[in-house]
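Here is a short report on one protein model. Look over the sequence and the structure first, then read on.

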Amino acid sequence: HYVRATGDMTLLDESVPFLEGIAVPPGAEDVYYAPDSSADTASIYEHCSRAIDRSLRVGAHGLPLMGSGDWNDGMNRVGYEGRGESVWLAWFLCDVVARFAPLAQMRGETARAARWIEAMRGWQGALQRAGWDGEWYRRAFFDDGSPLGSSVNEECRIDLIAQAWAVLSHAAPEPFAKRAMASLDARLIDREAGLIKLLDPPLRFELPSAGYIQSYPPGVRENGGQYSHAGVWALMAQAERGDAEAAYRYFGYLSPAHRSRHPIRGPAYEAEPYVMAGDVYTAAPYVGRGGWSWYTGSAAWLQRAAIESMFGFAQHGDEISFTPCLPNAWNDAEITLTRDGRKLRVLFARPSDAPAAEQAAAYSAVLLGTGERLHWSALADGACYLVVLKAAAVTAEEPEPAVASAPQV
C-alpha cells in the first residue's frame, strides 16, 4: 500500500536483519524466548516474499493452513496440529498476492510471481467449494475437518472478517459477496445498541475448542464483541460495494464521538469520546461498554475508512482522485489535503438545478469528475475543486441522530 500510494519503490530495497531463535518443538503450540537479531540480512522485498512463500501450503480443502492462529490469535487451537485451515486467510492472501505479484514481476522474479498467482487461483476455487456455507462464508476448518463459522455450529455460526474480506479482496463472485454482506448485516449488526459483532453466537462450550478465545466472557473482545479493527473492515466492505448508507451507519457505531454523544449509547459507553476503544461489549449486562481504549491500530483503520472508503480518496504517487461514497443525509461535505507544503480543498455537493459547471463556479471551484485523476505537482497552492455527488436515493434505513452539519476532515 505504501508503494502504491507514494510511488516510492526504494523502501523495498532497504536491508534489514531477520529475527533469530529456536524453532517451535514438534507437538508444541508455541515457545517463549527473547529473540536475537540475525547477522543475515535481506531486503524488505525479500522479507515480504518469504512471508508469502511460507503461506502457500494448504490443507485438505485446498485452503491455507491456520496453524495456532491467523488474524484472530485467540483461535489458537483451530489448526495447532497442522491440518486446520483458514477461510479468512485465503481471502487475505488473495489480496496480498494480487498487490505484490506485480512487484515481483517488475523485479524479474516471474517464476515466483507465477507460483503465487497459481496458488491464488487454487484458493479462489477452494473458497467457493469449501468456504461457502449457503448464505455466508465459513471462518475456518479444524484439524479434524469440522467447520467453524458455519450454520451447523451452535456457537460462532457466522464470523465478520470472512464476509468483509470476501469483498475487500475482490476475490469473491459478486452474487456471493452480496449475499455474504447481507448475512453480515442481518446477523452481526445490533441496530438498537449500534454494534457490529465480530462473531455470533459467542463461543463458550463449542467442541472442538477454538482456543483461548473461549476464555473471554461472551460479547467481550474477540469473543463476539464489537472488535473495532474488524468492524472498520465491515464499513470498508459496505463502501466498496457502494452502500453509502450502511457504511455511514457502521461509522456511527464505530466512532467514539458519535457513540459518546448518543443519548442512550453514550452513558453506557463509559470510555473517552476522542480515542478508539479496542472493543465495545455486546452482551448483557454490559451492552455498549467500551474496553481497552487508546487502540491506535483501529484508529488508523477508521481514519483510512473515512478518507479512502467514504470520501473515496486514492493516491497513486503524484496522482490523486476521489470516488466518494457519502450518505444521502450529507448534501455537501469538504476535505482539505496538505502535501509538500501546499493545500488542496475539495468540495462535495449534491446536484442542483444548474448545470454542473455552473454549480462549480458558484463555489468558486473547478469541476472534478468522479475518479478523475489530478497531478499533485501541477496543482496551485489553495486550489479548490468540486465533485458533484450522485442524486440521493430513497432509503428505508432509520436515520442516525441528526448532526448540526456534515463533518470536515
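Which helices and which strand each supply at least two residues of the lining of the largest cavity? They are helix 8 (244-254), helix 9 and strand 11 (277-280).

Keep in mind that this is a predicted model. The protein chain has an average pLDDT of 94. At least 70 is the score of 95% of the residues. One stretch falls below 50 in pLDDT: residues 398-409. Beyond near neighbours in sequence, that stretch has 15 contacts in the model.

**The cavity**

How many cavities of 30 Å³ or more does the structure hold? There is one. The volume of the largest cavity is about 50 Å³. Its lining includes Gln 226, Ser 228, Arg 259, Tyr 269 and Met 276. Tyr 253, Leu 254, Ser 255 and Pro 256 are also among the lining residues, as are Ala 277 and Val 280. The table sorts the lining by residue class.

| Class of lining residue | Number of residues |
|---|---|
| Nonpolar | seven residues |
| Polar | three residues |
| Charged | one residue |

**A closer look at helix 9**

Helix 9 spans residues 256-261. His 258 sits in this helix. Which residue's side chain does the side chain of His 258 join in a polar contact of 3.4 Å? The partner is Tyr 248. Leaving out residues up to four places away in sequence, His 258 touches Tyr 248, Phe 251 and Gly 252. So much for His 258; helix 9 also helps to line the largest cavity, supplying at least two residues.

Notes. Residues are numbered from 1 along each chain as its sequence is written. This is a predicted model: local features need pLDDT of at least 70, side-chain atom pairs count only at pLDDT 80 or more; totals for chains, interfaces and linings use all residues. Side-chain values use heavy atoms; hydrogens and water are left out. Helices (H or I, at least four residues) and strands (E, at least two) are DSSP runs, numbered from the N terminus. A polar contact is a pair of N or O atoms within 3.5 Å; within protein, one must be able to donate a hydrogen and the other to accept it, and residues adjacent in sequence count only if both atoms are side-chain atoms. Contact means heavy atoms within 4.5 Å. On a 1 Å grid over the protein atoms alone, a cavity is a set of points where a 1.4 Å probe fits but cannot get out, and a pocket is an open set with protein on both sides within 12 Å along at least five of seven lines; lining residues have an atom within 4 Å of a point. Grid points are joined across faces, edges and corners, and a volume is the space filled by probe spheres set on the points. Ala, Val, Leu, Ile, Met, Phe, Trp, Tyr, Cys and Pro count as nonpolar, Asp, Glu, Lys and Arg as charged, and the others, Gly among them, as polar. pLDDT is the predictor's confidence in each residue, from 0 to 100.
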